[in-house]
Amino acid sequence: MAGADSTGPLKRFVDELDVAVFVVGFAIAAAAVLAFVLRPDAASERMAAVNDVLWTTAGWWYLVAMFVLVAFVGFLIFGPWGNIKLGGDDERPEFSFPAYFAMLYSAGIAAGIVFWGPAEAVFHYDTVSPFVGAEARSSEAAVGAIQYTFFHWGVSAWTAYVVMALPIAYYAYRYDAPLRISTVIAPWVGLENLDGPLAKAIDVLAVFATIGGVATTLGLVGSQFLVGIEWTTGASVGDAGTVAVITGLTVAFTLSVSLGIRKGIQRLSYFNMALFALVTVATFLLGPTTQIMSMGTQALGAYVNDFITMSFYTGSGAAGGAGVSQWVGDWTIFYWAWWFSWTPFVGLFIARISRGRTVRQVAVTGVIASTGITVPWFATMGGTAIFLQDSGRADILTIVGELGEAGSGYPLFEALPLGGLLTVLFLVLVTTFLVTSADSSTLALGMLTTGGAEEPSTINRVIWGALIGALASLLMVTGGVDALQQAAIITGGPFSIIALLAAVSMVAACGARRPLFLREEDDLSIGTSDLEATAPESETESMDPSDD
């Protein structure tokens, strides 16, 4: 048996494949790559046109959908469903909490954090949000700039991932449903129909959104790596170098894939979090500590106080009385769409590592704890960037104008004591966070295209890694950051609807097990005959009303 396993990787790849999802998903990704190879200008123009329509006419939808999900997660944390377990009642978590949190955070958002951490606040400081309404480069603009980084990367950013993960994990670990995005429709179609046309369509859509979302991140962070090389060596890499470097990063994370979750993602996530903490603390202590604390504290209070108003702000007055303002479209709508485009793979990955945890544990870890780590990073990086820009110690905005957003971190660290060391550490952090995010995304794509296999074949994940790397390279060469932002908005739109569907799915599951305002554990039938019929015997016994 061992010999057959060791000599048949291709056979394993073929045997586990969900042919329909893999072929259609691969065809869509390959078509996007070919379009940018054969007709780059036409492809870029078409993508820009679709993007403009989405954020100007449907921008309000992204805002409303995200706020509804935030409110729902708040209910899960504080409501009566929080103690429902994702797995058997006596089942212990598969991973320790430190490992669980490190993997969740590294996979979920951290690659983007290292790109925008030094850049976003100083952008908002110079080009102020209409919501803040302050004079550019004023003290009010500084606080408002950091406030908006908290808003864009805080509670809302993490919410959609958790909402997607919970119903998938619930049905997978209580009813042996497949680890696929289409599992969220189980309450309506039944487990036996999760191979039907609707389920296949949802999984194909998930592949499409994941490719777009991860290619966006790979392109953004890859450009930061390229600028770091140019900054430290003085050598410009050009288009050929861009493709070569992103290809190298793609090879790095596809090699990591072969190590699996425990040896690959888990170990690298521990390293990421340690280095992340080191860079944050070092910048805080070596930078303008008092200003960081003063601006960060005030910005945090404003974020909490203005959260609901910011969540619904479209800037329509600033847009001439109609539609979404350019500022909101370029920033908030882009971010919300980016998070939605990441929900398939991050939600699926969180579901994969959440066995044995309760609904409340996943929600608190995924939203509250993750936000608690993110806020100090943006307070430190944003506060330092604004201070250095305002004091004249580093002209970050001029360098960004020359090198793009990816160049913001290097002059920041260079202006601090031990700047050379911090720059190297930052460059390493960029690389390792990127590898972890890309590794977990190819794992999710493998799960989606194999019918829910927890450990898809290496061949499967290498194929997806290569496609994502190719698309990211082409987007960077043909359109840069603008093209990447457009790709995120386009691919994230459909998954704002799927994320809301996941929330309704969780209501169906939890509401059947425990109606609102009751706190007894698992004492009611789930109420869906299809699910009851496929529940494990021990599960069925635990739901027998005679046990009450």
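This report describes the overall make-up of a predicted protein model and then turns to a helix pair, one further helix and three loop residues.

## Overall make-up

The predicted model contains 24 helices and 0 strands. Of the 548 residues in the protein, 60% are buried, and the area that the protein exposes comes to about 19500 Å², with carbon and sulfur atoms supplying 64% of it. Among contacts with a separation of 6 or more, 82% are between residues 24 or more positions apart.

## Helices α3 and α4

Two packed helices are described by the angle between their axes and the distance between the axes. For helix α3, which covers residues 19-38, and helix α4, which covers residues 40-57, the axes come within 5 Å and cross at roughly 120 degrees. An angle over 115 degrees but not over 145 falls outside the perpendicular and antiparallel classes, and α3 and α4 are therefore oblique to each other.

On the α3 side the contact is made by A35, F36, V37 and L38, while α4 contributes P40, A43, S44 and M47. Sorted by class, this contact of α3 with α4 has 7 nonpolar residues and 1 polar residue, with no charged residues.

## Helix α20 and the residue before it

Helix α20 runs over residues 419-448, and its 30 residues, at 1.5 Å a residue, should span 44 Å; the end C-alpha atoms are 43 Å apart, which agrees with that expectation. This helix is mostly covered, since 25 of its 30 residues are buried.

L418 is placed in the loop between α19, residues 409-414, and α20. Although L418 is not a glycine, its phi is positive, at about 60 degrees. With a relative accessible area of 56%, L418 counts as exposed, because the cut-off for that class is over 50%.

## The loop between α10 and α11

D176 is found in the loop between α10 and α11, and here too a residue other than glycine has a positive phi, with a value near 55 degrees. The relative accessible area of D176 is 59%, so this residue is exposed.

Is T183, which lies in the loop between α10 (155-175) and α11 (186-189), buried or exposed? The relative accessibility of T183 is 0%, and T183 therefore counts as buried, the cut-off being under 20%. Once neighbours within four places in sequence are set aside, the residues in contact with T183 are I168, Y171, A177, P178 and L194.

How values were computed
Residues are numbered from 1 along each chain as its sequence is written. This is a predicted model: local features need pLDDT of at least 70, side-chain atom pairs count only at pLDDT 80 or more; totals for chains, interfaces and linings use all residues. Side-chain values use heavy atoms; hydrogens and water are left out. Axes are lines fitted to C-alpha atoms, for helices over the stretch in contact, and angles run from 0 to 180 degrees between N-to-C directions. Helices (H or I, at least four residues) and strands (E, at least two) are DSSP runs, numbered from the N terminus. Angles under 35 degrees count as roughly parallel, over 145 as roughly antiparallel, 65 to 115 as roughly perpendicular and the rest as oblique. Contact means heavy atoms within 4.5 Å. Ala, Val, Leu, Ile, Met, Phe, Trp, Tyr, Cys and Pro count as nonpolar, Asp, Glu, Lys and Arg as charged, and the others, Gly among them, as polar. Buried means under 20% relative accessible area, exposed over 50%, partly exposed in between (1.4 Å probe, protein chains only). Accessible areas come from the Shrake-Rupley method with a 1.4 Å probe; for residues, only the protein chains shown count as cover. The expected span of a helix is 1.5 Å times one less than its number of residues.
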